[in-house]
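Please open the model in your viewer and keep the sequence panel visible. The tour proceeds by selections, each followed by a note on what is found there.

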Amino acid sequence: MADYTALAQTIASLTEGETDAVALMATVACEVHHADDRFDWTGFYRVVAPELMKIGPYQGGHGCLVIPFSRGVCGAAARTGEVQLVADVDAFPGHIACASSTRSELVLPVTDAAGNLIAVFDIDSDQPDAFTQEDADQLQSMLGQVFSQVR
């Protein structure tokens with residue numbers, strides 16, 4: 001399990017004073033990806049138009065380039081504004097298989113200082129049922145702190 005206290009401190013020190021969303025996404029994706037062996041693919045899908053996201057900074061193999069809000073786990077997080085904690089992606093209706101190795105997924109909505117959805121943060125694992133509610137809570141808190149700097 002990731003050491004979320006250390007991870008949050010590292011990310012806070014690396015991102016202090018930064019307001020560019022893409023720079024923040026790149027730093028968060030890198031640090032989170034390397035913090036835990038369960039994390040096989042770690043990255044952001046940016047909101048680029050109404051109901052549409054495109055890939056942003058990520059770590060791992062290739063990702064899907066475009067995801068509409070109407071499809072997949074990432075779309076569900078964007079559409080509902082709620083964290084998606086999926087133990088078995090094959091059991092998720094409409095799952096988009098960007099990588100055939102993905103077994104479980106955690107997707108968190110990302111908002112700016114005004115509370116607008118700017119992206120989702122997607123973590124895939126090649127292990128089934130890899131994520132816990134603690135992972136979701138810790139990462140959601142960290143994302144809130146980092147992206148509250150984006151205006």
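Leaving aside its neighbours within four places in sequence, with which residues is Ser-125 in contact? The model is a predicted one, and the tour begins at this serine.

**Ser-125 and its surroundings.** Select Ser-125, which is found in strand S6. Then add Arg-38, Asp-40, Ser-101, Thr-102, Arg-103, Ser-104, Ala-130 and Phe-131: these are its contacts once neighbours within four places in sequence are left aside. Ser-125 is buried, its relative accessible area being 0%. Now display Gln-127 as well; the side chain of Ser-125 reaches the backbone nitrogen of Gln-127 at 3.1 Å.

**The largest pocket.** Next, select Cys-98, Ala-99, Thr-102, Asp-122 and Asp-124. The largest pocket has a volume of about 180 Å³. Of the 19 residues lining this pocket, the five just selected are the closest to its centre. Thr-102 has already appeared on this tour, as a contact of Ser-125. Colour S1, helix H3 (72-80) and S6, each of which supplies at least two residues of the pocket lining. H3 contributes the largest share, three residues.

**Helix H4.** Move to residues 133-147, which form helix H4. With 15 residues at 1.5 Å a residue, H4 should span 21 Å, and its end C-alpha atoms are 21 Å apart, so the expected and modelled values agree. Select Asp-135, Ala-136, Leu-139, Met-142, Leu-143, Val-146 and Phe-147, the buried residues of H4. They lie on the same side of H4, because they cover an arc of only 140° around the axis. An α-helix has 3.6 residues a turn, so residues three or four places apart point the same way.

To see what this side meets, show helix H1 (4-15), helix H2 (21-33), strand S1 (41-49), strand S5 (104-111) and strand S6 (117-125); the buried residues of H4 pack against these elements. At the start of H4, show Thr-132 and Glu-134: a side-chain oxygen of Thr-132 reaches to within 3.3 Å of the backbone nitrogen of Glu-134.

**The cavity.** For the last stop, select Ile-11, Val-28, Val-32, Phe-121, Leu-139, Met-142, Leu-143 and Val-146, which line the largest cavity. Its volume is about 40 Å³, and the structure holds one cavity of 30 Å³ or more. Which helix gives the most to this lining? Helix H4 does, with four residues. H2 and H4 each supply at least two residues of the lining.

Methods. Residues numbered from 1 in each chain as written. Predicted model: local features only at pLDDT ≥ 70, side-chain atom pairs only at ≥ 80, totals over all residues. Heavy atoms only, no water. Expected span 1.5 Å × (residues − 1). Buried < 20%, exposed > 50% of the residue type's maximum accessible area, 1.4 Å probe, protein only. Arc of directions from axis to C-beta. Contact = heavy atoms within 4.5 Å. Polar contact = N/O pair within 3.5 Å; in protein donor to acceptor, adjacent residues only side chain to side chain. 1 Å grid on protein atoms, 1.4 Å probe; cavity = no way out; pocket = protein on both sides within 12 Å on 5 of 7 lines; lining within 4 Å. Points joined across faces, edges and corners; volume = space filled by probe spheres on them.
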